[in-house]
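Student: Can you walk me through this one? I'd like to start with the strands.

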Amino acid sequence: MMSSSDLDFSPLGIGESAQQLSRPSLSYWQDAWLRLKANRRALFSLVLVIALLLFTLVGPWLWRADPAVQDLDQISQPPGVDRSALIVEPYQPWSVGEVAGSGLRLAEPATTQAVRLVWEALPDAHGHRVYRNLFPVGPERAYGIPRAEFFDNSTLSFEDRLDIKPGTYYYTLVALNADGSLSEQTAALTVNAQRVTTLAEAVERGLIASQADAQVGDAIELTLHPLGTDYLGRDMLARLMAGARVSLFIGIGAPLCFVLFGVLFGSVAGFVGGKVDSVMMRFADFVVALPFLLFMILFKIAFGIGPGESGVLPMLVALVLLMWPATARLVRGQILQIREQGYISASQLLGAKTHYLILRHMLPNTLGVVLVTLTFAIPSAIFTEAFLSFIGMGVAPPTPSWGSMSNEGIKTMLTTPHELIFPAVLISITVLAFNLLGDGLRDALDARMRNRE
Amino acid sequence: MWSFILKRLVQGVITVWFIATATFFAMHNVPGDPLLNDRAMTPAIRANVEAKYGLDKPLGEQYVIYLSNLVRGDFGISFTQENREVNDIIREHFPVSATLGILAVLFAAAGGVLWGALTALYRNRLPDYLIMFFVILGISVPSFVVAAVSQLGLVGVNSSLGITLLPVAGWGTLSHMLLPALVLGLGTMAYLTRLMRSSMLEVIGSDYVRTAKAKGLPAARIFSRHQLRNAILPVITVLGPSIAAITTGGFVVELVFAIPGLGRYFVQAVQQLDYTVIMGTTVFYGAFLVFMVIVVDVLYGFIDPRVRMK
């Protein structure tokens, strides 16, 4: 403490202000915004959230591919592979002729139209079986899928036309014993299939305007899919955007609804108090006790999904039905606290009516807490949607959502991991962004919950 | 103490009744017909089948029968697997889920407490940042992705070593359980780590820890006697709900790792609309979870007497 001097008590000059503010007066929200801005992690997550919203809302305008259209030339295509296709003559049945060379070999260059193999009979063979695999055959001799079987040596050629995609295939020819069992005699061949198309196909797919625009031997570019395609040949980027709309609609819509309901329920219970309060809160306690995921699934089937429906709405309703009590409890606690505050009594003394008290004093003072709850509810709703769609209880199949896309992607995880990685990464980023934003908002808005670090 | 336990038990029974009732009426609201699924039947056969399952009685009576059966611990007979009792199904598949769940809870609790304490001790230094980075990953990445990626990783490790270090899927031995249990416990472990960290930070700054230091106690003793003991209390409270999260989280892990647990069976039953199995498993799971929460509450009451007073 400084000792007071004469200066401290000098009279004010005319026009001088009696008080001086050391810093500008800030409203609650201005103050919160300043704190949020100072938090680098929160700001980063805010940018992420805005980017995700842009991806969902503006994305489909920029990338206009239809998420439901199948591109049958490019099925399960990873992003960034060669899209050029050679135009060839339409498919002609194969008449096996003389082929130079020996052993298991190609009769003509392998294409996605057909892989034509010829071979000489293996030693002591009583027939042959042809296998195809996507991976090199190791010592465990997993040959892949059997493609053909010949029980004598009269046929020494095989034409494979089953679902050939551009890429590498590992063929194995295994000699058969007299009883039809596999012998130790094998021959292997690695085949690189080249993507080909015909003029008629190219026109049909809209790659060229008419058959006169290109000729056999030309190479043309297939449709661009920046993030590749899924197992039905649908554009991943377009599907991710459409899926984002579903996932974020549930992820943001459901929390908005149940937080609103929770605020209503909690503020009524907290304000009315007494018997009504205890009955209302007992009811909320029971809903909290319900095993969440089991009842999500139960409600989902109880509401039912008709043919042609996406199942988005039942999931939203089920989420709202099960998740409101947490907010209601929180708001009730807040209201109970605020009710005892001095400014409420002061306002009452000045003649404020009940609805004015609630709308003007109580709800605005709970808003910070509610906003934080909302931000934390969003990732958990997104998680729930993804989880349910993943086990096949969520959004019905043709409608894409990140969860159902992951579910489809996990089946081909070994061969085409991009179908799982993209939706999974998007779910993770979204959940991360909202979690960090929630942390930041809590630090900025709610003085009591602030991290005591 | 006894009145506290009694009160929680009564609350628990009412909650289970609420769950059973909600399940019953939700299932009766399900569109479709459990008997329409496979064969077409003549009205006479249909009436017989309905009488066999008691579906011809009014809803109120069905509800009373259902409740009285529940009280006797009888969940009924499966609709899709003829003459198989739901009790049998639970008896066969629940131990698998429970084993997996217990292992996962152990992983989660041990890991959460250990990592949380470490982050608090090394606050704002490299170990803290490293562990918290993984914690954020654990909270943000969905369990099915973790399951799939770890399975993929295991395939890679197995094939590069040329031996089966751990089986990729299936059930039977302890080596089958390790990876699924770890994956199952991961989300909870991340959550517990966060909780333990903030609770530990609070304890580190407390007066009694300063006193202990001033007395000249060795750091290890302060850590085990003063810090860990007090910091662990809030972690125990959330163990109850965590067990719930882990048990239901088992659906995905059981699906991905092909484990014959009750969760996978429940998902199957839902897909086939096997009404009695769905109702039975839901009520069973619900009762189990409610019971677990009560057990944890009572345990907590023993450890921290303040809880009983409330």
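Student: Is strand β4 of chain A covered or open?

Tutor: Mostly covered: β4(A), residues 128–133, has five of its six residues buried. Buried means that 20 or more other C-beta atoms, placed from the backbone, lie within 10 Å of the residue's own. Strands (E, at least two residues) and helices (H or I, at least four) are DSSP runs, numbered from the N terminus.

Student: Anything about the model I should keep in mind?

Tutor: The model is predicted, so local features need pLDDT of at least 70 and side-chain atom pairs count only at pLDDT 80 or more, while totals for chains, interfaces and linings use all residues. Residues are numbered from 1 along each chain as its sequence is written, and chains are lettered from A and ligands numbered from 1 in the order in which they are written.

Student: Which strands does β4(A) pair with?

Tutor: β5(A), residues 145–150, pairs with β4(A) in the antiparallel sense over five bridges. β7(A), residues 167–176, is also antiparallel to β4(A), over six bridges. Pairing here requires at least two DSSP bridges between the strands.

Student: And what does A:Val130 face in β5(A) and β7(A)?

Tutor: Its bridge partner in β5(A) is A:Ala148, and in β7(A) A:Val130 stands opposite A:Leu173.

Student: Switching to helices. How much of α12(A) is buried?

Tutor: 20 of its 28 residues are buried, so α12(A) is largely enclosed by the rest of the structure. From first C-alpha to last, α12(A) reaches 40 Å, close to the 40 Å expected at 1.5 Å a residue; the expected span is 1.5 Å times one less than the number of residues.

Student: How many residues of chain A touch chain B?

Tutor: 31 residues of chain A are in contact with 33 of chain B, contact meaning C-beta atoms, placed from the backbone, within 7 Å. Elements giving two or more residues to chain A's side include α10 (354–390) and α12 (418–445).

Student: What classes of residue are on that side?

Tutor: There are 24 nonpolar, five polar and two charged residues. Ala, Val, Leu, Ile, Met, Phe, Trp, Tyr, Cys and Pro count as nonpolar, Asp, Glu, Lys and Arg as charged, and the others, Gly among them, as polar.

Student: Last one: why call chain A spread out?

Tutor: Its radius of gyration is 34 Å, well over the 22 Å that the globule rule gives for 453 residues, so chain A is more spread out than a compact globule. The radius is taken over C-alpha atoms, and the rule is 2.2 Å times the number of residues to the power 0.38.

Methods. Two residues are in contact if their C-beta atoms, placed from the backbone, lie within 7 Å. A residue is buried if 20 or more other C-beta atoms lie within 10 Å of its own, exposed if 12 or fewer, and partly exposed in between; C-beta atoms are placed from the backbone.
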